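This report describes the packing, strand pairing and charged contacts of one protein chain. The sequence and the structure are shown first.

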Amino acid sequence: SIDLARSGEVSALMKGHIHSETLMQEALQRTQGIRLKRRPSHAFYMTLPANEQGICITDAVINVLPRVKQKIAIARNVIELMHALGNPKPRVALISGTEVSTPEMPSSMDAAEVIKEAENGSLPGAVIAGPMALDVAISEQAATIKGVNNAVAGKADVLLMPNLEAGNILFKQMVYSMSATAAGLVLGMKVPIMLTSRADPPEARLASAALASVYAAHRVL
């Protein structure tokens, strides 16, 4: 499958009944894989029943403990995905446990550095704010009560998580407690990879395939 992707015969890959590491080990090979110069990352596009507004969670699968450079790469990948979905200026929230940078919370310090890079033009095509607690990112009421007033607060399209553990917990909580559908893709490769879980329902596989199709067509254009 990696050979087919590398030669351009297929525009996306979907993991079957195998471990993710088995596929990704081949995909990430320097010479025989499908790596690009950019850093790969993963994004879940989450949708809830009877709610047309989706939200992205990144990265909950690949980058375990990303720091500033890695978070910038993760942001670039997900911004491209959101553009493919027709959102020309996605609102990206850099999630932490606070809205104030503090050395005791490293993710808040990372967020402040990412914001500086964004202000210098490193992340065009998006509105980025942080650090930001989850409630402020997704609830306008919480943002108002806490006095956080920016273009992202309460309206985030993307939640850039502080680490893989936080992202993994959040997306699974949404799936199992809120009946959300998680369409997931590996981004930043020659073709998108659907790393569906072996336990995923058909709806998640179909949603991931649809997302991969839209993303792959956008990259060709």
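Which side chain meets that of Arg38 in a salt bridge? The partner is Glu80, with 3.2 Å between N and O. The model discussed here is predicted.

## Salt bridges around Arg38 and Glu80

The two partners come from distant parts of the chain, 42 residues apart: Arg38 belongs to the loop between α2 and β2, and Glu80 to helix α3. Arg38 has a relative accessible area of 28% and is therefore partly exposed. The total number of salt bridges is eight. Through shared partners, Arg38, Glu80 and Arg219 are joined into one network.

The loop that holds Arg38 also contains Leu28, located between α2 (20-27) and β2 (41-48). Leu28 has a relative accessibility of 30%, so this residue counts as partly exposed. Leaving aside residues up to four places away in sequence, Leu28 touches Arg35, Pro40 and Met189. The C-alpha atoms of Leu28 and Pro40 are 8.9 Å apart, and the two residues are twelve positions apart in sequence.

## Helix α3 and the nonpolar cores

Helix α3 comprises 17 residues and spans 25 Å from its first C-alpha to its last, close to the expected 24 Å. Of these 17 residues, 13 are buried, and the helix is mostly covered. Gly86 follows α3 and has a positive phi, near 90 degrees.

In soluble globular proteins, nonpolar side chains tend to be buried together. The largest nonpolar core in this model has 29 residues, and those with the most contacts inside it include Cys56, Leu81, Leu123 and Leu185. At least two residues each are supplied to this core by β2, α3 (68-84), β4 (91-95), α4 (106-119), β6 (158-160), β7 (181-187) and α8 (202-220). The greatest contribution is that of α3, with nine residues. Another core, of 23 residues, lies apart from it and includes Phe44, Ala137, Val152 and Ala153.

Ile128 is also among the residues with the most contacts inside the largest core. Residues up to four places away in sequence aside, Ile128 touches Val92, Leu94, Ile115, Ala118, Leu123 and Val152.

## Strand β4 and its neighbours

Is strand β4 largely enclosed or largely open? Four of its five residues are buried, so β4 is largely enclosed by the rest of the structure.

Strand β4 runs parallel to β5 (residues 127-132), and four bridges join the two. One bridge partner pair consists of Ile95 and Met132, the latter in β5. Together with α4, these strands make a right-handed β-α-β unit. Strand β4 also pairs with β6 in the parallel sense, over three bridges. Here Ala93 has Leu159 of β6 as its bridge partner.

## Further salt bridges

Arg91 forms a salt bridge with Asp157, and their closest N and O atoms are 3.7 Å apart. Because Arg91 lies in strand β4 and Asp157 in the loop between α6 (140-146) and β6, the pair ties together parts that are 66 residues apart in sequence. The partners differ in exposure: Arg91 is partly exposed, with a relative accessible area of 28%, whereas Asp157 is buried, at 4%.

A salt bridge also forms between Asp135 and Lys146, with 3.0 Å between the closest N and O atoms. Asp135 is in helix α5 (residues 134-138) and Lys146 in helix α6, eleven residues apart. Asp135 is partly exposed, with a relative accessible area of 31%, and Lys146 is partly exposed, with one of 44%.

Methods: Residues numbered from 1 in each chain as written. Predicted model: local features only at pLDDT ≥ 70, side-chain atom pairs only at ≥ 80, totals over all residues. Heavy atoms only, no water. Buried < 20%, exposed > 50% of the residue type's maximum accessible area, 1.4 Å probe, protein only. Contact = heavy atoms within 4.5 Å. Core = buried A, V, L, I, M, F, W, Y, C linked by side-chain atoms within 4.5 Å. Pairing = 2+ DSSP bridges. Right-handed = clockwise from strand over helix to strand, strands pointing away. Expected span 1.5 Å × (residues − 1). Salt bridge = Lys/Arg side-chain N within 4 Å of Asp/Glu carboxyl O.
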